Structure formats: structure tokens, C-alpha cells
Amino acid sequence: ITCSLLSSCRTYEPWGEYVDGIAVAHDNNFNSIYIDINGKPINRKARFNSAKDFSEGFGVVQFEDGLYGMVDKTINVVTSQSYISLESFNNGTAKFSKDGNHYGLLDYNMNEVVKDIYTGIGDYSDGMIRVYNDDGTGYLNENLELVIPCKYSNASDFFFFFLIFEYNYLKGFVDRTGKFIAAENIMRFSP
């Protein structure tokens with residue numbers, strides 16, 4: 001049997017970037033698959049509606065029902081449930097939502113290390129993560145502990161260990177421990 005008679009011999013062109021020797025490609029039916037550096041499917045049975053480039057050892061995929069999950073480098077699904085939204089890993093956590101309105105964080109073991117109680121979660125900034133709820137903005141530290149409660153409005157990302165915030169119509173700074181530093185006529189600054 002020659003290679004031309006075997007569908008398993010077909011190579012695919014990467015659709016995304018190669019990360020750790022894995023890239024997203026599309027098959028003849030426009031399903032997303034993951035291929036190795038030689039253009040061969042890593043898991044021939046794994047076909048998805050869409051897929052994202054790998055990040056920190058995992059890829060986000062969309063299933064036929066429109067929900068999302070995570071695959072490992074063998075392109076096997078490693079999440080125990082599906083999510084309405086799921087982002088790629090960034091600094092050891094991945095944002096998820098089960099209902100589209102509340103967000104939490106997964107770790108590499110696919111454990112929900114931050115429950116989906118926030119109306120929004122920002123990115124890491126100087127070792128802190130901005131979180132939102134109906135009461136305002138707060139911050140998680142690197143251990144994913146809420147160290148600054150969700151009570152501030154117009155809060156910035158951390159910069160030089162401080163954030164600019166507004167609370168009860170007052171402006172000022174808050175340090176990483178939540179200590180308030182009052183300031184009159186403060187203006188936002190950026191790096």
C-alpha cells in the first residue's frame with residue numbers, strides 16, 4: 001500500500017502558531033485539529049469546531065455543542081465539564097465561565113481554584129489579578145487570595161506596587177495589603 005492510498009499519510013498546514021511542536025490546522029471539513037511539526041494529526045479522532053494555540057501545555061477547544069474544554073499535548077480532553085467560555089492559560093490559571101455572567105479560574109489540574117463568583121477577571125499585573133463583582137473592583141494576590149476587597153471603582157492595574165482607585169468619591173492609592181494612602185487631586189499615571 002502506498003502512502004497516497006492511506007488517508008493517515010496526509011499532511012496539514014498549520015493554521016495557528018507552533019507552540020511546543022503543536023499547531024492548530026483544519027481538515028477537509030474545516031474541523032480544527034492539532035498537528036505535530038511534521039504536519040501529522042496528533043490524535044486522529046480529535047476534531048473540534050474550533051481550537052486555540054497551545055499555552056502553558058494546554059489548548060482550548062470548542063465542541064459541537066458550542067461549549068469549550070481543554071486538551072493536553074496528547075489532544076485528549078482533560079476538563080471534566082464544558083464551559084460557556086474558557087480562555088488559554090496565562091501565568092498558571094485559565095479564566096472560565098459556566099453561565100456567561102460569572103467567572104473563575106482553573107489551575108493546571110483543571111481544579112476551580114477561584115470559584116465563578118466574579119462578574120469579571122482581569123489579567124495579572126505586577127503579581128495581582130483584578131476581579132469585579134456588583135460591589136466594585138478588588139484584587140487577588142499570587143496565591144489567588146482576595147487581599148483587596150471588591151469595593152473600589154475606577155481602579156487601575158497595579159503599577160510600582162500601588163493602584164489608583166476611587167472609593168466613596170475619594171481618590172487615592174492602595175498598596176498590596178489594602179492599606180489606603182490618601183491623595184488630593186490625583187491623576188492617573190502609566191508606565
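Here are some questions and answers about this predicted model.

Reader: How many helices and how many strands are there in the protein?
Author: Let's start with the overall make-up, for a protein of 191 residues of which 40% count as buried. The count comes to zero helices and 16 strands.

Reader: What does the protein average in pLDDT, and where does it fall below 50?
Author: The average pLDDT is 85, and 79% of the residues score at least 70. The weak spot has two contacts in the model beyond near neighbours in sequence. That stretch, with pLDDT below 50, is residues 1-7.

Reader: What share of the accessible surface belongs to carbon and sulfur atoms?
Author: The protein's accessible surface comes to about 10900 Å². Of that, carbon and sulfur atoms hold 49%.

Reader: In what order do the strands of the four-stranded open sheet run, and which stand at the edges?
Author: The pairing in this sheet is antiparallel, and the order is E6-E7-E8-E9. Two of these strands have a single partner each, so one side of each is left without a neighbour in the sheet. Those edge strands are E6 (85-86) and E9 (112-118).

Reader: Over how many bridges do E7 and E8 pair, and which residue in E8 is the bridge partner of Phe96?
Author: E7 covers residues 94-97 and E8 covers residues 103-106, and they pair in the antiparallel sense over three bridges. Looking across from Phe96 into E8, you find its bridge partner, Gly104.

Reader: Phe96 also has an aromatic partner, so is that residue buried or exposed?
Author: Both members of the pair, Tyr83 and Phe96, have the same status. To be called that, a residue needs under 20% relative accessible area. So the word for Tyr83 and Phe96 is buried.

Reader: What is the geometry of the pair formed by Tyr34 and Phe54, and how buried is each?
Author: A search of the whole structure finds six aromatic pairs. In this one, the ring centres of Tyr34 and Phe54 are 5.1 Å apart with 90 degrees between the planes, which makes the pair edge-to-face. Tyr34 lies in strand E2 and Phe54 in the loop between E3 and E4, so the pair ties together parts that are 20 residues apart in sequence. Both count as buried: Tyr34 has a relative accessibility of 2%, and Phe54 has 4%.

Reader: Which residues form one aromatic cluster?
Author: This one is a group of aromatic residues, two Phe and one Tyr. Its members are Phe58, Phe89 and Tyr108.

Reader: Which strands are at the edges of the open sheet E3-E4-E5?
Author: Three strands make up this sheet, with antiparallel pairing. An edge strand here pairs on one side only. That description fits E3 (50-51) and E5 (68-71).

Reader: Which residue in E5 stands opposite Gly59?
Author: E4, residues 59-62, pairs with E5 in the antiparallel sense over four bridges. Opposite Gly59 stands Val71.

Reader: Which residue takes a positive phi in the hairpin of E10 and E11?
Author: E10 (residues 120-125) pairs with E11 in the antiparallel sense over four bridges, and Ser125 has Met128 as its bridge partner. The hairpin has two residues between the strands. The one with a positive phi, near 55 degrees, is Asp126.

Reader: Over how many bridges do E11 and E12 pair?
Author: A hairpin joins E11 to E12 through two residues. Ile129 stands opposite Leu140 in E12. The antiparallel pairing runs over five bridges.

Reader: Arg130 is a charged-looking name to find in a strand, so is it buried or exposed, and what does its side chain contact?
Author: Arg130 is found in strand E11, residues 128-133. Its relative accessible area is 16%, so it counts as buried. Its side chain makes a polar contact, at 3.4 Å, with the side chain of Tyr132.

Reader: How many residues lie between E12 and E13 in their hairpin, and which turn residue has a positive phi?
Author: E12 (residues 136-140) and E13 (residues 146-152) pair in the antiparallel sense over three bridges, and Tyr139 stands opposite Ile148. The hairpin has five residues between the strands. The turn residue with a positive phi, about 65 degrees, is Leu144.

How values were computed:
Residues are numbered from 1 along each chain as its sequence is written. This is a predicted model: local features need pLDDT of at least 70, side-chain atom pairs count only at pLDDT 80 or more; totals for chains, interfaces and linings use all residues. Side-chain values use heavy atoms; hydrogens and water are left out. Two strands pair if DSSP finds at least two bridges between them. Buried means under 20% relative accessible area, exposed over 50%, partly exposed in between (1.4 Å probe, protein chains only). A polar contact is a pair of N or O atoms within 3.5 Å; within protein, one must be able to donate a hydrogen and the other to accept it, and residues adjacent in sequence count only if both atoms are side-chain atoms. Rings of Phe, Tyr and Trp (its six-membered ring) pair if their centres lie within 6.5 Å; planes under 30 degrees apart count as stacked, over 60 as edge-to-face and the rest as tilted. pLDDT is the predictor's confidence in each residue, from 0 to 100. Contact means heavy atoms within 4.5 Å. Accessible areas come from the Shrake-Rupley method with a 1.4 Å probe; for residues, only the protein chains shown count as cover.
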